[in-house]
There are 2 protein chains.
Amino acid sequence: MNHKSLTEHVKSQVNPRPEDLHLFTSKLREVTVAKGKFLLYPNTYVKHEYFVVKGCLTAYYLDKKGNKNIVQFAIENWWLGDFDAFYNGVPSKLYIEALEDSTLLAINHDDLQRLLEEAPIFERYFRLLVTSAFISLRKRILSSLGKTVKERYLEFCESYPNIEGRVPNYQIANYLGISGESLSRTRRKLRALKKA
Amino acid sequence: MNHKSLTEHVKSQVNPRPEDLHLFTSKLREVTVAKGKFLLYPNTYVKHEYFVVKGCLTAYYLDKKGNKNIVQFAIENWWLGDFDAFYNGVPSKLYIEALEDSTLLAINHDDLQRLLEEAPIFERYFRLLVTSAFISLRKRILSSLGKTVKERYLEFCESYPNIEGRVPNYQIANYLGISGESLSRTRRKLRALKKA
């Protein structure tokens, strides 16, 4: 099992002792999900959170009319899960589907609680991550209000570097709350600007 | 200065030592904002986060067309601020306005960082708060997709107990992304159900 990307990610945020890192990695389990397969379904009890080592996944919600609403993409070095279900013990609401063959590291809820007790440096690690996720989510809401399609697309590319070409156009459009045509037009304009 | 509601709130989340609480409260400054006055404007540098001791405030964003979009309400025992500006040192985007005469406790950014170093129990306190804020925000997004106005309003009442009567109808409607008429209709129906 390869923990390198996770330990690098932890070190990019906080300053753990080697024994803290060892404790963390000892609690992880490797999970693989083939392209097009599901990591999670709605109405299940969720015992794990996941760190993406390799691959690309999407979390989405089907509304009552059956419309798909993309909540999150995850690529390398992102944490992913149905956090309401994981932290509050309620049934899950999200589908999580692999858009590429993906390798993840899973941590179990009780193991995570024990880790936080035994190595409090991870309180800080997860506080920093969730604070930044909260700020991004708020930005995404504000973003859908006052900004042009071009601005929203550029922000998306900043949040998800190198995702272009890995996720179908219509899924990015869905996430941004715009039409596929509008996204294609914006991309063409940006490419023309780059060449000019 | 009255720290009782904050220390109670901390104790409802984590198990601090008396000296941790003392350290926290020693770093706070009391701030009052009269009804209709502003705690924060856009395009400023934000040095504080705020805990509401008494009162009711709203954080909102004006989009390019001048439309007001309510991001958050805060009543007793809520933390409030422009978190992107506070944590990332970028100019603020939000107005924060008092809807009632309000008393808050302010903590300065550098003092908070020192507190987290000196009393790591607050890493846990703030991790728990921001995790729950993140989950609520995600729910609010999902909520605006698949749910009826009635369901959304009931969820709102659960998140903000006792806010009814303190915030004008049209502001709650704005927050929920629905029309004032639709909100009034829903409230009338719910009242009729209660009486029946």
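1. Copies are superposed by least squares on the C-alpha atoms of residues with pLDDT of at least 70 in both. Keep that in mind for the two chains here. The model is predicted.

2. Start with how the chains relate. A turn of 180 degrees, with a shift of 0.0 Å along the axis, lays chain B on chain A at an RMSD of 0.0 Å. The two copies are thus related as by a two-fold rotation axis.

3. Which residue of chain B comes closest to the rotation axis? B:R127 does, with its C-alpha at 2.2 Å.

4. Next, the interface. Of the interface residues of chain B, 100% are also interface residues in chain A, so the copies meet through the same surface.

5. Now look inside chain A. Four strands form an open sheet there, in the order β1-β8-β3-β6, and the pairing is antiparallel. Strands β1 and β6 (79–80) of chain A are the edges, each pairing on one side only.

6. Strand β8 of chain A spans residues 102–108 and pairs with β1 of chain A, residues 28–33. The two run antiparallel, over six bridges. In this pairing, A:E30 stands opposite A:L105 of β8(A).

7. Strand β3 of chain A, residues 48–54, is also joined to β8(A). Again the count is six bridges, and the strands run antiparallel. Two partners can be traced on the model. A:E49 bridges to A:I107 in β8(A). A:Y50 has A:A106 as its bridge partner in β8(A).

8. One general point helps when viewing the sheet. In a regular strand, side chains alternate between the two faces of the sheet.

Note on methods
Residues are numbered from 1 along each chain as its sequence is written. Chains are lettered from A and ligands numbered from 1 in the order in which they are written. This is a predicted model: local features need pLDDT of at least 70, side-chain atom pairs count only at pLDDT 80 or more; totals for chains, interfaces and linings use all residues. Two strands pair if DSSP finds at least two bridges between them. Two residues are in contact if their C-beta atoms, placed from the backbone, lie within 7 Å.
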